[in-house]
Amino acid sequence: MTMSDIIHSAQKNDCSDIHLTVGVGITVRQYGKLKRLNANMSEEELERVILDMCNQEQLEFFQQGNDLDFAYQTELGTRTRVNIYRNKGKVAACLRIMGSQIPKLEEMNIPHQTLANIAANPRGLVLVTGPTGSGKSTTLAAMIDYINRTRNEHILTIEDPIEFVYTEDKSVIHQREIGSDVKDFAAALRSALREDPDIILLGEMRDYETISSAVTAAETGHLVFGTLHTISAADSIARIIDVFPPHSQNQIRTQLSSVLKGVISQTLIPVAEGGGRVAATEILIGIDAVGNLIRQDKAHQIDTIMQANGAMGMHTLNADLERLVREGTITRESALKVSSNPQQLRF
């Protein structure tokens with residue numbers, strides 16, 4: 001059995017992740033739940049399959065005691081995001097299966113017109129947030145692809161690793177991978193401002209320097225997309241501000257209040273009848289009232305803005321969970337499990 005065999009089998013069965021552990025075997029995540037497979041492979045075979053994904057440079061880096069992060073593509077074009085590490089002294093790997101094709105924004109089961117309107121901004125900062133495995137990368141890719149199909153722009157992506165590969169349509173697209181094309185996110189962002197981009201996609205906003213550079217890029221006339229591992233719009237704003245030292249937080253509030261164009265928070269929930277997952281979303285649009293709350297350090301009141309501006313496309317996560325329960329798409333139990341304010345749910 002080859003790694004391509006394992007990936008294609010998992011993909012055929014709608015699995016999102018593959019865990020391979022020497023001494024344990026193969027486990028997949030199907031519709032959000034883990035499932036152990038009977039692979040009938042020896043420890044030596046499984047280790048070979050894992051390490052065969054590496055080139056010589058990666059193999060040497062791993063043998064020096066480092067973890068590996070990279071993208072791996074099968075001969076049939078299926079891309080995966082790979083992390084190889086050690087577990088109790090033995091080799092282990094986690095693979096996230098990426099879609100072989102970027103879904104069209106207008107065909108996704110999310111508020112696509114609202115997201116298209118957010119993507120239409122000529123400049124500013126757009127955040128796509130959610131826990132690991134919530135579909136952030138897919139939503140981002142769909143928004144970037146929408147711009148690519150509808151506008152003449154220079155799009156620059158900075159990713160670790162590159163996940164979706166775009167085919168140029170109306171836009172010019174350059175994709176830079178951390179480690180192979182550039183040292184880190186902060187260095188890539190510094191260079192980006194000299195590379196004439198209209199739109200910058202940041203695979204992850206993970207530290208002070210990257211977030212600061214992203215806000216500066218948004219201030220200087222670029223449309224910047226980024227991701228955070230936060231579960232709500234208010235949490236996302238708080239996360240950005242908290243990264244900065246106390247003496248700089250008033251300044252970043254002022255900057256963020258003027259550049260923030262939208263926050264899309266999402267999570268994937270098993271459908272009620274099984275056999276798939278559906279996205280529940282929270283959408284914040286950066287209107288003046290939102291900017292005022294950010295400047296006044298009252299981001300915790302943003303839920304009120306979202307509740308009062310549904311006609312603009314905004315809604316809270318709870319509102320979307322209530323809709324999905326009413327439609328019979330998800331169960332009450334699932335909604336209660338993912339809500340950050342379950343006591344406020346009204347079924």
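**Exercise 1. Which residue in β2 does L20 stand opposite?**

Solution. The model is predicted.
Step 1: Locate the two strands. Strand β1 covers residues 15-21 and strand β2 covers residues 25-30.
Step 2: Establish how they pair. β1 and β2 run in the antiparallel sense and are joined over six bridges.
Step 3: Read off the partner. L20 has I26 of β2 opposite.

**Exercise 2. Place β1 and β2 in their sheet, and find the helix that packs on the sheet.**

Solution.
Step 1: Write down the strand order. The open sheet is built from six strands, in the order β3-β2-β1-β6-β5-β4, with antiparallel pairing.
Step 2: Identify the edges. β3 (33-37) and β4 (68-73) are the edge strands, each pairing on one side only.
Step 3: Describe the twist. On average, neighbouring strands of this sheet are turned by 25 degrees against each other, direction ignored.
Step 4: Add the helix. Helix α1 (residues 3-12) packs on the sheet and touches β1, β2, β4, β5 (79-87) and β6 (90-97). The direction of α1 makes about 145 degrees with that of β1.

**Exercise 3. How many disulfides does the model contain, and where is the cysteine sulfur nearest to that of C54?**

Solution.
Step 1: Set the cut-off. A pair of cysteine sulfur atoms counts as a disulfide if the two are within 2.5 Å.
Step 2: Test C54. The nearest cysteine sulfur belongs to C94 and is 14 Å away, and C54 is in no disulfide.
Step 3: Test C94. For C94 the nearest cysteine sulfur is that of C15, 12 Å away, and C94 is in no disulfide either.
Step 4: State the count. The number of disulfides is zero.
Step 5: Classify C54. Its relative accessible area is 13%, so C54 is buried, the limit for buried being under 20%.

**Exercise 4. Describe the second largest pocket, and decide whether S180 is buried or exposed.**

Solution.
Step 1: Give the volume. The second largest pocket has about 400 Å³.
Step 2: List the lining. The second largest pocket is lined by 13 residues, and Q58, D69, I178, G179 and S180 are those that lie nearest its centre.
Step 3: Assign elements. α3 (56-63) and β4 are the elements that give two or more residues to this lining.
Step 4: Place S180. The loop between β9 (172-177) and α6 (185-192) holds S180.
Step 5: Apply the limit for exposed, which is over 50%. S180 has a relative accessible area of 52% and is therefore exposed.
Step 6: Relate S180 to D160. The two residues are 20 apart in sequence, and their C-alpha atoms are 9.6 Å apart in space.

Key: Residues numbered from 1 in each chain as written. Predicted model: local features only at pLDDT ≥ 70, side-chain atom pairs only at ≥ 80, totals over all residues. Heavy atoms only, no water. Buried < 20%, exposed > 50% of the residue type's maximum accessible area, 1.4 Å probe, protein only. Pairing = 2+ DSSP bridges. Helix = DSSP H or I, 4+ residues; strand = E, 2+ residues; numbered from the N terminus. Axes fitted to C-alpha atoms, helices over the stretch in contact; angles between N-to-C directions. Contact = heavy atoms within 4.5 Å. 1 Å grid on protein atoms, 1.4 Å probe; cavity = no way out; pocket = protein on both sides within 12 Å on 5 of 7 lines; lining within 4 Å. Points joined across faces, edges and corners; volume = space filled by probe spheres on them.
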